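Below are my notes on this model, set out as numbered points. They deal with chain A and its sheet before turning to the nonpolar core.

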Amino acid sequence: MLRLTGVSAGYGKTPVLHEVSLSVQRGGVTAVLGANGAGKTTTIRTICGLLPATGEIAIAGKNIVGQTSDRIARLGVAHVPDNRGTFIDLTVRENLLLGAHTRRDGEVEGDIERFLELFPRLKSRIHQQAGNLSGGEQQMLALSRALMLRPQILLLDEPSFGLAPKVVAEIFELLRKVKEEDGLSVLLVEQNARMALMLSDKAYVLESGKVVLSGDSRDLASDDAIRKSYLGY
Amino acid sequence: MGEFLNQVLAGVANGGIYASLALALVMIYQATQHINFAQGEMATLSTFGAWFLFDAGMPYWVVFALTVFGSFIMGALVERLVVKPVGTASPFAFIAVTVGLLMIANSASHWVGGGDIREFPSPFPGWLGSRYLSAHETGTILVTMIVLVALLTFLKRTPFGLAMRAAAQNPVSSGFVGIRVGLMLTIGWGISAAIGAIAGMMVAPIAFLEPNMMGSILLYAFAGALLGGINNPTGAVIGSFAVGIFENLLGVYVTGSELKLTSALCLIVILLILRPSGLFGKAAVSRV
């Protein structure tokens, strides 16, 4: 579904990613792990078209390097950014409607209902300004907004960041559900390696902008040496 | 008491004019989160265009439609050719560009129209008038209300209007949901120039058409938009009527007409200090 081949990217003249290659299977979940500053967020931003890159980034076989972020979104790539990307002056409902901006089908209202059922806390705040939501609620909104796109692939940047463990569990549970029901492909960037390895089928470990380790998530999680030296748990 | 009522209604008439331009300011703010200082002068230029179409013998509403459409194109081109290349990296650059545009549009008006003061036709039939408001003043208020309802419907009830507000508030996230942010800005400039053109054609029969026609009206429209809330079309219209009444009563009973404009400026300063989001505006909230 998504394949990066020899991708290098950075901010201005500072290179961050060096020849990164990774892939996400159709209907699969790939986790990108690594410490702070390893290049995880940069990887996602590069895929979204926010940073100039060399190499090849293919969505369903189509190279998207050099495309603008709105065109990439219209190819079916949804993104939950690390700052959650909430439209804080707009209402919760308007945020959800914006997620469906690219859609022309008649099922938008039905999808809104679906996410409000899944996250009842959003339902009670549907007409409030999104800036009033708590961090956890904003993360639920960000996830719902991204899924409103009915994406081919979902890019998730640290969905657990700054949230209470209970909320994190809730969000991962929803991800599992949507993945199974919709056959969604997911690229998940996480510091919480334990959660990420449980959800994913494949994982890559980044260090200083390079892939230093990759393999089946189950194998990585069961290898004590790898867990201790790379994943820190 | 009758005299007082007369003065209030004269203020309402002025307020209708300020409100029509205030709506153009609200539109550009909704689309860019900035104020276009050239809004008034661009409207004057549009109105000159309309004058030449009348001069060529075209009927009123044909000219009206052509001017609104032509102004949309002008606004969109200004965004593409001048505003976009400068970028929105700094708010200062944006202000400098719109002040520059103000001077360019003013010079252009002088160039096409000279310094002459021209009469401009009003489309409204006499029966719209009453003891208190002339037909044109009543018509202006009606047109402003129609523009207000159209603008509210567009911004709040259409996906396109929602996308436009989103693009102004959070361009990066807008890209992530597939909104063409650049296109939204271009169209936003176009729509606000079109609304400005309507304002110009409403102002010209009263103020007479000349290059500096909109100068002071823009200040009152600013005051009205700030009073009501620059991010709230209804508030901006109510605010403009309030400013119209306020400055008229103040001019008649307190300060004399020389200080009218000063009082509008004082109002702007006081509002910016006391309530920057306006009486009806929403203050931005955020929780981290």
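**Notes on the predicted model**

1. The bridge partner of Leu33(A) in E8(A) is Glu190(A). This is a predicted model, and the points below should be read as such. Leu33(A) closes strand E3 of chain A, residues 29-33, which pairs with strand E8, residues 185-190 of chain A, in the parallel sense over five bridges. Val29(A) stands opposite Val186(A) in E8(A).

2. Strand E7 of chain A, residues 153-157, also pairs with E8(A) in the parallel sense, again over five bridges. Here Asp157(A) is found opposite Val189(A) of E8(A). The connection from E7(A) to E8(A) involves helix H7 of chain A, residues 165-182, and the three elements make a right-handed β-α-β unit.

3. Is E8(A) buried or exposed? Six of its six residues are buried. The cover is on both faces: Ser185(A), Leu187(A) and Val189(A) are buried on one side, and Val186(A), Leu188(A) and Glu190(A) on the other. Glu190(A), the partner of Leu33(A), is thus listed among these buried residues.

4. The strands above belong to an open sheet of six strands in chain A, in the order E6-E7-E8-E3-E9-E10, with mixed pairing. Its edges are strand E6 (77-80) and strand E10 (210-216) of chain A, each of which pairs on one side only. From one strand to the next the twist averages 15°.

5. For chain A as a whole, the secondary structure comes to 10 helices and 10 strands. Its radius of gyration is 17 Å, close to the 17 Å given by the globule rule for 233 residues, so the chain is as compact as a globular protein of that length. The C-alpha trace spans about 45 × 40 × 30 Å along its principal axes.

6. Of the 233 residues in chain A, 48% are buried. Among chain A contacts between residues at least 6 apart in sequence, 67% join residues at least 24 apart.

7. The largest nonpolar core has 159 residues, and those with the most contacts inside it are Leu155(A), Leu21(B), Ala22(B), Leu23(B), Leu25(B) and Ala221(B). Helix H8 of chain B, residues 181-207, contributes the largest share of this core, 16 residues. In soluble globular proteins, nonpolar side chains tend to be buried together.

8. Which residues does Leu25(B) touch? Leaving aside residues up to four places away in sequence, Leu25(B) touches Ile35(B), Gln39(B), Ala221(B), Phe222(B), Ala225(B) and Ile230(B). Of these, Ala221(B) is also listed with Leu25(B) among the core residues with the most contacts.

Methods:
Residues numbered from 1 in each chain as written. Chains lettered and ligands numbered in written order. Predicted model: local features only at pLDDT ≥ 70, side-chain atom pairs only at ≥ 80, totals over all residues. Core = buried A, V, L, I, M, F, W, Y, C linked by C-beta atoms within 7 Å. Buried ≥ 20, exposed ≤ 12 C-beta atoms within 10 Å, placed from the backbone. Helix = DSSP H or I, 4+ residues; strand = E, 2+ residues; numbered from the N terminus. Contact = placed C-beta atoms within 7 Å. Pairing = 2+ DSSP bridges. Axes fitted to C-alpha atoms, helices over the stretch in contact; angles between N-to-C directions. Right-handed = clockwise from strand over helix to strand, strands pointing away. Rg over C-alpha atoms; globule rule 2.2 N^0.38 Å.
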